[in-house]
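Thanks for coming, everyone. Let me put the chain on the screen, and then we'll go through it.

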Amino acid sequence: MASLQLTLLPTGCRNPLSVRCSSGGGSPSSVSIPSDFDGKVFRHNLTRSDNYNRKGFGHKKETLQLMTQEYASDIIKTLKENDYEYTWGNVTVKLAEAYGFCWGVDRAVQIAYEARKQFPGDKIWITNEIIHNPTVNKRLQEMEVKDIPIQDGEKQFDVVDKGDVVILPAFGAAVSEMLTLSNKQVQIVDTTCPWVTKVWNIVDKHKKGDYTTIIHGKYSHEETIATASFAGKYIIVKNMDEATYVCDYILGGKLNGSSSTKEAFMEKFKFAVSKGFDPDKDLVKAGVANQTTMLKGETEEIGKLLERTMMQKFGVENVNKHFLSFNTICDATQERQDAMYKLVDEKLDLMLVVGGWNSSNTSHLQEIAEERGIPSYWIDSEQRIGPGNRIAYKLMHGELVEKQNWLPKGPITIGVTSGASTPDKVVEDALLRVFEIKHAEALQVA
């Protein structure tokens, strides 16, 4: 089967699908895909070309053994073997029953390891961080997997040569990026999580039915950028407040009066809508999709709110002509959030949430603890703990905080969870720091 090649059409304008590639003179130039380009058909053909792989290269056993050596934890193993609770000295640890590496993340990292083994002498690039975890990303850098450089906010694909290997991360990649790489005839190693591609299929259904996609996500997040590239018309809402604003606009200010003029609407969402978006025309038919790492309950509430809004606007009997609903919530995200809700019902002195500081799914685990009023500390590695009884951590909205004497004196019970991109070894290293602090305290008392 021959490799797939398609030609990009140069334009003079920038939009969310723009990339950087070589023009005839060898210097970077902005290019974009045509508005009528069918991303789903393109990707379907790409996945069947000779220069594409998403299933690994037959080195699964060796790479899984290496990952176990690098990322497994005896402490986590002990907790799992003892019904997720164990006491070390004067510290009792209660572990969430669903935590850490999800299947999609495990698969992505494992395939990336396989790519290095399969192409030991080739130049390997990756379009974004494989996952949102500094430990794993640093390990790939040590394996000479290089990031595509960014200049003025745009990726510089000029550095990629024909025959190079390019990894697409677990979050996926925008259609324009995949098209650029296909044209360059590189070896594409696609680690995109199947749950993400499921969302892409949903937004394609919206597009074909002339429905605007309302994406519950963060407009600058890699996954949401990729999902938007498969959509037709779209608007991205970060939370329930923004969704309420959109629905109030649909109802002409009769929901809660939070919206105002069309100009104010476009200013509020100027970075979060498709090119040429018109809220007066493009919110007549809509469907909901989500960034798979968002808070499950909030996505569900946004869907219900939009459905009620369309009923009020167009009548209950016409709602199916104006609203589409599909379940796009990732099982792993849901399981970790459900386990966190269960854990915060336990009697805890504090919560330790471990995961990358740019990890969306980890931020929502922190949010659950904060909203329950439990002292909760979100760290990305054990290096945030110490020296002494000190911690540097983030709150759910990203504020960086430092605190002295964060561990109470005497026996304590700590709840522990970790984001879907967090290896068990990172959690173990953080707990070892906790044990050291409490051990030093016990020696002082003695």
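Helices here are DSSP runs of H or I with at least four residues, strands are DSSP runs of E with at least two, and both are numbered from the N terminus. Residues are numbered from 1 along each chain as its sequence is written, and side-chain values use heavy atoms, with hydrogens and water left out. This is a predicted model, where local features need pLDDT of at least 70, side-chain atom pairs count only at pLDDT 80 or more, and totals for chains, interfaces and linings use all residues.

Cavities to begin with. We work on a 1 Å grid over the protein atoms alone, and a cavity is a set of points where a 1.4 Å probe fits but cannot get out. Lining residues have an atom within 4 Å of a point. Grid points are joined across faces, edges and corners, and a volume is the space filled by probe spheres set on the points.

The search of the whole structure gives 3 cavities of 30 Å³ or more. The largest has a volume of about 220 Å³. Its lining counts 21 residues, and those nearest the centre are Cys-102, Val-105, Phe-171, Thr-292 and Thr-293. Helices α4 (103-118), α12 (331-343) and α13 (360-371) each supply at least two lining residues.

Now classes. Ala, Val, Leu, Ile, Met, Phe, Trp, Tyr, Cys and Pro count as nonpolar; Asp, Glu, Lys and Arg as charged; the others, Gly among them, as polar. The lining of the largest cavity then has 10 nonpolar, 10 polar and 1 charged residues.

What is the volume of the second largest cavity? About 50 Å³. Its lining includes Ile-214, Val-237, Cys-247 and Leu-306. Two or more lining residues come from each of α9 (240-250) and α11 (296-314). The class split is 9 nonpolar, no polar and no charged.

Back to Cys-102. A disulfide is a pair of cysteine sulfur atoms within 2.5 Å. By that rule, the count is 0. For Cys-102, the nearest cysteine sulfur belongs to Cys-330, 6.0 Å away. For Cys-330, the nearest is that of Cys-193, at 5.6 Å. Buried or exposed? Buried means under 20% relative accessible area, exposed over 50%, and partly exposed in between, with a 1.4 Å probe and protein chains only. Cys-102 is buried at 11%. Cys-330 is buried too, at 5%.

Next, the sheet. Two strands pair if DSSP finds at least two bridges between them. The sheet is open, with 5 strands in the order β4-β12-β11-β7-β8 and parallel pairing. β4 (52-53) and β8 (145-147) are the edge strands, each pairing on one side only.

Let's walk across it. β8 and β7 run parallel, joined by 3 bridges. There, Ile-126 has Asp-147 in β8 as its bridge partner. On to β7 (residues 124-126) and β11, parallel over 3 bridges. Trp-125 is partnered by Val-166 in β11.

Which way do the side chains of β11 (residues 165-168) point? Val-165 and Ile-167 go one way, Val-166 and Leu-168 the other, and all are buried.

Then β11 meets β12 (residues 187-190), parallel over 4 bridges. Leu-168 stands opposite Asp-190. Between these two strands the chain runs through helix α6 (residues 175-183), a right-handed β-α-β crossover. Right-handed means that, with the strands pointing away from the viewer, the path from the first strand over the helix to the second runs clockwise.

Technical notes:
1 Å grid on protein atoms, 1.4 Å probe; cavity = no way out; pocket = protein on both sides within 12 Å on 5 of 7 lines; lining within 4 Å.
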